[in-house]
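I opened this entry to look up where the open space lies in the model and what lines it. After that I meant to follow one short run of strands and how they pair.

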Amino acid sequence: EWQSTLFGGVLILNNGIDAPQYWGGPGNYFANLPNVPSTIKAKVIRAFGPYLLALNLIDNGFSYPHLVQWSHPADPGSLPNSWDYTDPTVDAGRNDLPDTDAGVIQDGLPLGGRFYVYKEGSVWRMTTIGGDFIFDFKPFLETTGLLAPRCLTITGEGKNHVFASQDDLVLHNGVDSKSLLDSRMRNTVFNAISTANYKNSFVFTNKPKDEVWFCYPEHGSTHPTRALIWNYQYNVLSEAEVNFRFATYGKDETASDLDWTTGQEWLEGDEPWSEATWKKVIVCDPANLKMLELDDGTTYGGTTFTA
C-alpha cells in the first residue's frame, strides 16, 4: 500500500518496494527521489520540518525494522541533498529504537513540534535538539502501539493524534493519552476485523464534520468494508459501511455544469468555467473506478442510501 507526505509543497509517494517517488508539479512525471541511496528501501517516509524521515528500512538486503533514518535538512522549496549518515559534514543520521519486544516500526506523524514514531507495541517521541545528535529519542507510550501503517491521523484543530492500536482507538496530545472506546465497543469492533487483512485498515480525519474515521476490513474481506466514526466535537461514536481504500483532504476543483454544445455567446454566460470547494474529503473507490467527494448530495456515488 502506498503512503504519501508533503515536503515543502512537494508530493512524495512511497510503497516500501520501489524507490520513493516525488512529483515536480503539473507537466512533470513522477521521478525517483534524488540523493536516496539505491540500496535503501523504507516502509514509510514522512516529512518533519526541513527533514525527511525514513522508517523501518531495508539496506543492502538486510532488514532494520527498528531504525529511523533522517536526511540532511533541505532549503525551502528544495529536496534534501544528502542521506549519508556517515558523512560528518552533513546532518543526516540514523537511530535504532531498542525496544525490540514492542514489534517493528509501523508509521509516524508530527504533533506540536515533535515527531512520534509508532511501533506495534509502543510509541516514541523525537525532539529536535541540534548539535551532534540532531534528535533526542524517548519512549512516550510503552504498552500501546499502532495496528498498521496509515492507522493514525491528527484532529482538525491540530492538537491531538488519534490512532488505532491492536485493540483500541486511542487519543493523545503528546502529554496524556486515553481510550475512546468502552470495553463493549472494543470487543465488537476488534473481534470483527479480519485477522488476515487488518493491515489494510486506515484512519483519516473528516475536518468539515469534526470526525475521525477508522476504516477496517471485516472477516472474509480484503479491503475495508466498515468504519467506526468518532466525532471529536461532541464525543459521539457512529458506524458506516464503506467500500473505499484511501482518503485525502483539501481543495476540490470540478468542472461547472455549463453545456458547451448550446452555442451560447461568451458575453451571455454568467457561470464559472470551474468551481473550487474547500474543506472536502476525497475518497478512492478502485472497485468502481471512481473518486468520490464526501458529504455532497444524498446518494453514495449515485446509489440510494439504506439508512
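Entry 1, the largest pocket. Working from a predicted model, I looked first at the character of the lining of the largest pocket, and I found that its residues divide into 21 nonpolar, nine polar and four charged. The volume of this largest pocket comes to about 1400 Å³. I then asked which residues lie nearest its centre. Among the 34 residues that line the largest pocket, these are S4, T5, A247, T248 and Y249. Going through the elements that give two or more residues to this lining, I listed β1 (3-7), β2 (10-14), β5 (40-48), β9 (105-111), β13 (152-154), β17 (202-206), β21 (246-255) and β22 (274-285).

Entry 2, the second largest pocket. I noted about 690 Å³ of space in the second largest pocket. Its lining is made by 23 residues, and the closest to the centre are E241, L294, T299, Y300 and F305. The elements that contribute two or more residues to this lining are β20 (236-241), β23 (290-293), β24 (299-300) and β25 (303-304), and I recorded that β20 supplies the largest share, three residues. By character, the lining of the second largest pocket divides into 10 nonpolar, eight polar and five charged residues.

Entry 3, strand β15 and its partners. I next asked whether the residues on the two sides of strand β15 (residues 169-172) are buried or exposed. L169 and L171 on one side, and V170 and H172 on the other, are all buried, and both faces of the strand are therefore covered, with buried taken as under 20% relative accessible area. I kept in mind the general point that in a regular strand the side chains alternate between the two faces of the sheet.

On pairing, I found that strand β14 (residues 161-164) runs antiparallel to β15 over four bridges, and that the two form a hairpin with four residues between them. Strand β16 (residues 177-179) likewise pairs with β15 in the antiparallel sense, here over three bridges. Which residues are the bridge partners of H172 in these two strands? H172 is bridged to H161 of β14, and its partner in β16 is S177. Finally, I looked at the hairpin of β15 and β16, which has four residues between the strands, and noted that G174 takes a positive phi near 90 degrees there.

Methods:
Residues numbered from 1 in each chain as written. Predicted model: local features only at pLDDT ≥ 70, side-chain atom pairs only at ≥ 80, totals over all residues. Heavy atoms only, no water. 1 Å grid on protein atoms, 1.4 Å probe; cavity = no way out; pocket = protein on both sides within 12 Å on 5 of 7 lines; lining within 4 Å. Points joined across faces, edges and corners; volume = space filled by probe spheres on them. Nonpolar A, V, L, I, M, F, W, Y, C, P; charged D, E, K, R; others polar. Buried < 20%, exposed > 50% of the residue type's maximum accessible area, 1.4 Å probe, protein only. Pairing = 2+ DSSP bridges.
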